[in-house]
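Work through the exercises below with the sequence and model open. Try each task before reading its solution.

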Amino acid sequence: MTRALGLLAGPKQTLTSNGSSPPTDGKHSFSAPAAYAANRGSWVHVFPEACCHQSPESTLRYFKWGVSRLILESDPAPEFIPMFIHGTQDIMPEDRGFPRFLPRIGNRIRVVIGKPIDLDVIFGQERAAWRQLVSRGDPELLTHGHEATNLRIQVARSVRDEVGKLRESIGLPPEDDKTAALADTWSKEPNKRKFKSPVDGSLVNRA
């Protein structure tokens with residue numbers, strides 16, 4: 001998310017290599033993508049559920065707080081474009097058998113793209129509250145403080161609501177369980193890569 005914020009706002013930064021690519025001894029550094037002028041103000045596409053989630057009713061999981069960081073911490077505020085994709089669960093269902101590596105042809109995919117939204121229009125109050133927290137100069141407050149946590153929860157739920165509107169626009173029924181937007185609702189899920197969720201019966205793949 002830190003690199004993504006750099007791409008949105010474009011501040012020049014250098015990140016220390018963590019041994020991924022290019023390989024180093026961990027002491028060298030390399031330029032982050034945002035260090036290059038051509039990348040500044042770039043498009044950043046995120047999947048806030050952070051996993052493959054195939055539920056029988058095509059409902060949504062809770063959205064992770066990384067999307068909240070992009071909205072609260074970006075400066076200047078970028079445009080926000082919600083999207084909803086439906087049908088990939090039929091192309092590559094998680095419970096498919098052999099040949100697992102092949103997509104199931106003949107199925108329909110729908111991609112719904114919402115209108116661009118100025119972040120300050122729908123998240124102006126939250127962004128202002130975040131700036132007030134930053135002005136206190138306490139990193140611990142921003143990382144673990146109650147106010148910061150509530151802001152992240154609120155923003156993630158609002159983003160989820162915008163995607164939910166697109167979901168309903170293609171004829172899917174409104175969600176009955178409002179607690180599905182909360183991380184605590186999904187805390188009973190096993191710490192595994194692939195499983196059937198005890199929350200909603202969905203097939204989950206965290207790969």
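**Exercise 1. Compare the span of helix 6 (residues 146–169) with the span expected at 1.5 Å a residue.**

Solution. Step one: count. Helix 6 has 24 residues. Helices here are DSSP runs of H or I with at least four residues, strands are runs of E with at least two, and both are numbered from the N terminus. Step two: take the expected span, defined as 1.5 Å times one less than the number of residues. For helix 6 that is 34 Å. Step three: compare. The helix reaches 35 Å from its first C-alpha to its last, close to the expected value. Step four: look just past the end. Gly171, just after helix 6, takes a positive phi of about 100°.

The model is predicted: local features need pLDDT of at least 70, side-chain atom pairs count only at pLDDT 80 or more, and totals for chains, interfaces and linings use all residues. Residues are numbered from 1 along each chain as its sequence is written, and side-chain values use heavy atoms, leaving out hydrogens and water.

**Exercise 2. Find the aromatic pair in the structure and classify its geometry.**

Solution. Step one: apply the criterion. Rings of Phe, Tyr and Trp (its six-membered ring) pair if their centres lie within 6.5 Å; planes under 30 degrees apart are stacked, over 60 edge-to-face, and the rest tilted. A search of the whole structure finds one pair. Step two: classify it. The ring centres of Phe80 and Phe123 are 6.3 Å apart and the planes meet at 65°, so this pair is edge-to-face. Step three: place the partners. Phe80 is in strand 4 (residues 79–80) and Phe123 in helix 4 (residues 119–135), so the pair ties together parts 43 residues apart in sequence. Step four: check burial. Both Phe80 and Phe123 are buried (under 20% relative accessible area; exposed is over 50%, partly exposed in between; 1.4 Å probe, protein chains only).

**Exercise 3. Assign the side chains of strand 5 (residues 83–86) to two faces.**

Solution. Step one: recall the rule. In a regular strand, side chains alternate between the two faces of the sheet. Step two: sort. Phe84 and His86 point to one face and are buried. Met83 and Ile85 point to the other and are not buried. Step three: find the neighbour. Strand 5 runs antiparallel to strand 6 (residues 110–113), joined by four bridges; pairing requires at least two DSSP bridges. Ile85 stands opposite Val111 in strand 6.

**Exercise 4. Locate the unusual backbone at Pro76, Pro99, Ala50 and Ser58.**

Solution. Step one: set the baseline. Most residues other than glycine have a negative phi, and most peptide bonds are trans. Step two: examine the prolines. The Asp75 to Pro76 bond is cis, with omega near 5°. Pro76 lies in the loop between helix 2 (66–73) and strand 4. The Phe98 to Pro99 bond is also cis, with omega near -5°. Pro99 lies in the loop between helix 3 (88–91) and strand 6. Step three: examine phi. Ala50 has a positive phi of about 60°, and lies between strand 2 (29–31) and strand 3 (52–54). Ser58 has a positive phi near 55°, in the loop between strand 3 and helix 2. Step four: check burial. Ala50, at 45% relative accessibility, counts as partly exposed. Ser58, at 13%, counts as buried.
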